[in-house]
Each structure stands twice: as structure tokens, then as C-alpha cells.
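Visitor: Hello! I am new to this structure, so could you walk me through some of its features?
Guide: Gladly; have a look, and then ask away.

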Amino acid sequence: MELRHLRYFVVTAEELHFTKAARRLGISQPPLTYQIKSLEEEIGVKLFDRQPGNVRLTEPGEVLLAECRVILERVAKATERCRLADAGRIGRLSVGFTESASFTGEVTWVLQKFRELYPEVDLTLEEHRTEPLMERLRHRQLDVAFVRLPIGRDSDMEFKLVSTEPMVVALAKSHHLANKEILELTQLRDEPFVLYPRPTRMGLTDQIITACEREGFSPRVVQNVPQISSTINLVAASLGITIVPACMSTSRVDQVRYIPIKGTELLASLGVAWREDSATTALRNLLALLEESKSNALR
């Protein structure tokens, strides 16, 4: 039994006239009559009571008509959902991001726009540090991740730069350097630092430590915290200073001062990483929105 046999039957049952049904189906009457007879033989029941000038459904035909309409409706729905999936309009998309990425305009715009344009895609968000995000990408536990550079080289990964911004010193407003308009890294030589972990020298912390080492000192880290917002909270409590991307300078401004850094190219670069071998249409739609956000920023 094929779907076309069911369609032929439904149209004939609706018309109760083989010539009209054949015309509606775009075929001649003899093939239609043959297909209906074949269907009756396959099922083993009579579907139509044929009298000269009068065709009506038998009781088994009435039952089959109701079932066929359900089947054909489900097939049509399944076909449409397949097309929606192919267009990336339904499905699932898991997105990872570092905490500081959530303060970046391009990222928040893309996520908001994606939800607006593709409301039927199940968009899940996961926040973590760069290293765990990359590891989850490698194991296909995430589809895409917004991460901080530097990241390790990985031939299985695709990567695009999203934005680059200066990093700034964050210190309590009561700090003795808080009245400065600009600071050099060397002025932080003896300061207690609050930083985020860097088990494999990946991400922002690596950049900070490397920049300090180029200036001839290693930062005196008095506290490692799991999240970048935690560093700001500890800075506000005068437990130390930290260095963060400029996008974080809207956090705790009542208690924390953010000061530019002079004489160094200490930049926070944000990128997006994904596995090309498992990229879905939904992911490509998100990446297209990201390109759109970058184009809008250049206008």
C-alpha cells in the first residue's frame, strides 16, 4: 500500500464519482478505477458500492476514509516539519558563552534576534569558562560557544573573531590608585590580584599574566574565583584589584572604578567556535545573524 493509493481513495470518497475524482487527481479514469480495485483486494474488503449512476462508501470505506485523513494529515505535517528543520526553523541549538560574553552587545543582540526569528528552535544557553566550553564542543555537548582568546589550536574547530576591546583595571573606589585617569601595568606590581582560574593558560587570565610578565613581574594573586563577576564583587569589597574587559565596566559602578591601561596592547578578544562537521542549519542561521550584527556595527 502506497500513500498515493490512500490519496486516490480519499479523493474518490469525497467526490463519489470516479470521473470527477480522476479529473481532480489529474489522471484518467481507468488507472484510478484499477488502483481502487487493487486497494480493495489488498485490504480484503469492498470500499465502494458501485451502482449505475450512484457510488457510495461502504461501512468499511467510511472507516478507512476517517483513518486515511488522519494518516495523510500526519504525513503532511511531518513533511512540513522536515522542511522547517532543513531551514533551521525547528530543532535544538545549544550555545555556550563565557560570563563576560554576556556583557558584549553583539552576543546579546544575536541571542535576542535568534529567539525572535526562530521561536520554535529550542535554544539552550550554558555559561562557563573558555576551557570547559571548548572541551564540551570537542565532545559535541555544545553546538557553538562564545569564548575568550587565546584558545588552543584544534583542527576540528572553526573559529571567527566577534569583537576586540581594551581591558581595564578594576579597583575599589577607596583604593589609593582610584583617582588616576590612566594606569600603567607596572603600577600594579605590588597590588593583590583577584583573578579567575587558568588551569591550561587559556582565556583572559593568561593574557593578564603574560602581559604582566612582559613588564617584569608576576601578579600577586591572592584569590582565584570561578566567575568574572565574582572578581568585581571582591574588588568592591577591597580584597584586591583585577583586570577585566571594558564591557564589564557597567558592573558595580557605585563601588568600583574602571581605569584604562597605558602602554600595553592588553585586549580582550571574543570569538565564536564550533565544529564544522556537526554544524546544523540552525547553527548557520545563528552565525549569519552574528555576521549581520558585525555589519551593523560598522555602519
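Visitor: Why is helix α7 (residues 204–214) said to be largely enclosed by the rest of the structure?
Guide: Please keep in mind that this is a predicted model. A residue counts as buried when its relative accessible area is under 20%. In helix α7, that holds for eight of the eleven residues, so the helix is largely enclosed by the rest of the structure. The reason, then, is the number of buried residues in α7: eight of eleven.

Visitor: Which residues of α7 are the buried ones?
Guide: They run from the start of the helix, which spans residues 204–214. The buried set takes in Leu-204, Thr-205, Asp-206, Gln-207, Ile-208, Ile-209, Ala-211 and Cys-212.

Visitor: And what covers the buried residues of α7?
Guide: Both helix and strand elements take part, among them α8 (228–236) and β5 (144–148). Further names in the cover are β8 (192–195), β10 (242–245), β12 (267–275) and β6.

Visitor: β6 has come up; with which strand does β6 pair over nine bridges?
Guide: β6 has several antiparallel pairings, including one with β10 over four bridges and one with strand β11 (residues 256–262) over five bridges. The pairing over nine bridges is also antiparallel, and the partner there is β12.

Visitor: Which residues stand opposite Met-157, Met-167 and Ala-170?
Guide: Each of these can be followed into another strand. Met-157 has its bridge partner in β12, and that is Arg-275. Met-167 faces β10, where the residue opposite is Pro-245. For Ala-170 the place to look is β11, and the residue there is Tyr-258.

Visitor: How many cavities of 30 Å³ or more does the structure hold, and which element gives the most to the lining of the second largest cavity?
Guide: The structure holds two cavities of that size, and the second largest has a volume of about 30 Å³. Two elements give two or more residues to its lining, β6 (157–172) and α9 (281–298). With four residues, the element that gives the most is α9.

Visitor: How many nonpolar, polar and charged residues does that lining have?
Guide: The lining of the second largest cavity consists of Lys-160, Leu-161, Val-162, Val-272, Leu-287, Leu-290, Glu-291 and Lys-294. Leucines and valines are classed as nonpolar, while lysine and glutamate are classed as charged. By class, the lining comes to five nonpolar, no polar and three charged residues.

Visitor: Where is Leu-16, and is this residue buried or partly exposed?
Guide: Leu-16 sits in the loop between α1 (3–15) and α2 (18–25). Its phi is positive, near 50°, in a residue other than glycine. Most residues other than glycine have a negative phi. With a relative accessible area of 34%, Leu-16 is partly exposed.

Visitor: What is the relative accessible area of Arg-252?
Guide: Arg-252 is found in the loop between β10 and β11, and its phi is positive, near 55°. Arg-252 is partly exposed, and its relative accessible area is 31%.

Visitor: Which residue with a positive phi follows α7?
Guide: The phi there is near 95°. The residue that follows the helix is a glycine, Gly-216.

Visitor: To finish, how far apart do the C-alpha centres of domain 1 and domain 2 lie?
Guide: Domain 1 covers 3–87, domain 2 covers 91–162 + 269–298, and domain 3 covers 165–267. Between the C-alpha centres of domain 1 and domain 2, the distance is 48 Å.

Technical notes. Residues numbered from 1 in each chain as written. Predicted model: local features only at pLDDT ≥ 70, side-chain atom pairs only at ≥ 80, totals over all residues. Heavy atoms only, no water. Domains from an automatic or database assignment. 1 Å grid on protein atoms, 1.4 Å probe; cavity = no way out; pocket = protein on both sides within 12 Å on 5 of 7 lines; lining within 4 Å. Points joined across faces, edges and corners; volume = space filled by probe spheres on them. Buried < 20%, exposed > 50% of the residue type's maximum accessible area, 1.4 Å probe, protein only. Contact = heavy atoms within 4.5 Å. Pairing = 2+ DSSP bridges.
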